[in-house]
Amino acid sequence: MTTIERPVTYNTAILYNEQHSPFDAQAEARRQEILNTPNGEYNITGTAYYISPYGDDANDGTSPETAWRTMHYLEHDPDRFQYGDGVFFERGGVYRGRAFIRSGVTYAAYGEGPKPAIYGSRRDYADASLWQATDTPNVWKVHVLQEHEDVGNLIFNHGVYCAHKKLENNLHAEREFYFDTCGDLYLYNSDGNPGEVYESIEVSPHYTLFIAEKPKTHDFTLDNLCLKYTGVHGIGMTWGAENVKVTNCEIGYIGGCMMKLVRGNTVTPVRLGNGFESMDLCRHITVEHNWVYQCFDAGITHQATHPYGVVQANIRFADNLVEYCNYNFEVFTNRNYGKFFDITYENNILRFAGYGFGTVDRIGSDDSMCSCFRGMRNTMHCENVFLRNNVLDTSWRWLAVSAYYDGELGPIYEGNSYYQHDDVKSALLQELDTDKHGWALDEHTLWSHDQAEMEKNAAVLDKNPAKVVFYHKISKGDRK
């Protein structure tokens with residue numbers, strides 16, 4: 001009888017470098033709300049398809065009794081899904097692979113139990129038979145699927161450890177890894193065969209789990225899914241996405257693969273990885289009530305950098321819990337091309353920026369801007385952009401990063417709460433008008449050295465802050 005793989009149901013976000021703050025109880029309540037959201041009701045005017053751990057890909061997939069077993073058709077035959085269709089994953093199952101999003105399709109859960117888990121890793125590599133000792137002491141080799149252009153991360157025991165990426169096969173320290181172009185992955189592990197040492201090993205491949213790769217993909221919904229263990233993005237959208245809803249999802253342990261960043265005449269390898277990303281022209285985007293954590297770069301980001309000019313408008317990010325990312329929220333555009341209108345970030349809980357795996361081994365970039373809200377690092381045109389009633393709870397560097405455009409005010413902060421601890425590196429805000437001053441970090445830092453100073457500086461950022469809390473650090477985790 002085939003063994004049914006089940007999702008992990010405990011909190012894996014805290015396994016890597018657990019942190020605490022006075023806001024713990026409220027954040028846990030939000031997490032439980034998201035995890036226990038019931039199945040939604042959807043207007044499926046086409047065909048409803050079902051995927052179940054008890055299914056078979058030889059079935060027609062059109063009922064729970066004739067469900068498919070895997071994500072094969074979502075990955076290899078996505079055009080079979082037409083406007084008005086729905087794809088439903090049975091709760092309590094694990095489904096490995098990726099999906100290409102199509103316009104007008106709903107992707108959601110059915111049944112009872114924990115959210116259906118879509119894992120990017122093609123298998124659990126905690127199998128001793130897969131690993132071979134090499135001629136180098138303590139270095140082990142495993143062959144992963146040829147489709148992997150790159151491997152972004154290895155997640156051991158669902159997050160107790162993450163690996164350290166190297167660009168050359170010169171491994172000397174625990175859990176350093178190197179991936180070559182032939183599909184072989186090398187890992188330094190002094191305790192013996194990794195397949196015996198660890199209970200689980202997830203290998204993050206070079207792809208986005210749910211991607212709208214076609215321009216102008218529109219009118220789609222992702223609801224009540226768990227997306228984990230991939231090396232690029234959890235959810236990604238390209239030019240022209242419109243009328244998109246992402247709700248009640250869990251997204252974790254995302255990113256670490258390489259991209260080539262062009263700066264002038266220089267090409268620099270840079271690691272990447274966002275939980276949710278919308279790029280360039282997009283309108284009417286709703287991202288609500290999701291738990292996003294342990295993303296290499298941003299938990300949630302929208303970016304507009306296309307040289308032909310882009311507009312992002314009517315976007316709402318609300319009621320999310322985002323934690324342990326290098327940037328919990330990130331927003332930027334090229335000042336010469338992009339424009340942002342009617343965008344709201346409301347009632348989100350943003351915690352522990354810079355304490356996840358993504359602030360380690362930042363090849364090609366640094367951690368100087370890690371923050372709960374990294375907004376307007378590149379000055380830009382924006383109108384009616386608001387941060388309202390959010391909680392910015394603890395960052396290794398800044399709670400917020402903000403800037404102006406030609407002397408005009410950028411995003412408006414209203415009624416937010418600010419929690420920051422007494423680490424000497426941690427501050428409330430980095431802000432300035434870049435046209436006049438450039439980025440002089442010391443000159444334009446609003447510090448949080450004590451309660452009085454933090455309250456004074458919070459009032460500069462937010463004219464009516466709901467709460468300002470300066471606290472002694474409760475825990476000091478070491479990034480592993």
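**Exercise 1.** With which residue does Asp 77 form a salt bridge, and how far apart are the closest N and O atoms?

*Solution.* The structure is a predicted model. In this model, the partner of Asp 77 is Arg 80, and the closest N and O atoms of the pair are 2.9 Å apart. A salt bridge requires a side-chain nitrogen of Lys or Arg within 4 Å of a carboxyl oxygen of Asp or Glu. The next step concerns accessibility. Asp 77 is partly exposed, at 29% relative accessibility. Arg 80 is likewise classed as partly exposed, with a relative accessible area of 32%.

**Exercise 2.** Determine which parts of the chain are tied together by the salt bridge between Arg 122 and Glu 75.

*Solution.* Begin with the contact itself: the two side chains meet at 2.5 Å, N to O. Then place each residue. Glu 75 belongs to helix H2 (residues 72–76), while Arg 122 sits in the loop between strand E6 (117–119) and strand E7 (131–133), so the salt bridge joins parts that are 47 residues apart in sequence. Finally, consider burial, for which the cut-off is under 20% relative accessible area. Glu 75 has 8% relative accessibility and therefore counts as buried.

**Exercise 3.** Locate Glu 414 and Arg 388 in the secondary structure, and classify the accessibility of each.

*Solution.* The side chains of Glu 414 and Arg 388 form a salt bridge of 3.0 Å, N to O. Glu 414 lies in strand E36 (residues 412–414) and Arg 388 in strand E33 (residues 381–388); the two are 26 residues apart, and the pair links distant parts of the chain. Glu 414 is partly exposed at 32% relative accessibility. Arg 388, at 24%, is also partly exposed.

**Exercise 4.** How many salt bridges does a search of the whole structure find, and which residues are linked in a network?

*Solution.* The search gives 20 salt bridges. The network links Asp 24, Glu 323, Arg 351 and Asp 393. As for the charges overall, the protein carries 42 positive and 65 negative side chains, and the centres of these two sets lie 2 Å apart.

**Exercise 5.** Describe the overall fold by its secondary structure, compactness and contacts.

*Solution.* First, the secondary structure consists of five helices and 40 strands. Second, the radius of gyration is 22 Å, close to the 23 Å given by the globule rule for 480 residues, so the protein is as compact as a globular protein of that length. The C-alpha trace spans about 65 × 60 × 50 Å along its principal axes. Third, 59% of the 480 residues count as buried. Fourth, among contacts with a separation of 6 or more, 73% come from residues 24 or more positions apart. Lastly, the protein exposes about 18700 Å², of which carbon and sulfur atoms supply 47%.

Conventions. Residues numbered from 1 in each chain as written. Predicted model: local features only at pLDDT ≥ 70, side-chain atom pairs only at ≥ 80, totals over all residues. Heavy atoms only, no water. Helix = DSSP H or I, 4+ residues; strand = E, 2+ residues; numbered from the N terminus. Rg over C-alpha atoms; globule rule 2.2 N^0.38 Å. Buried < 20%, exposed > 50% of the residue type's maximum accessible area, 1.4 Å probe, protein only. Contact = heavy atoms within 4.5 Å. Areas by Shrake-Rupley, 256 points an atom, 1.4 Å probe, with all protein chains shown as cover. Lys, Arg positive; Asp, Glu negative; His and termini not counted. Charge placed at Lys NZ, Arg CZ, Asp CG, Glu CD.
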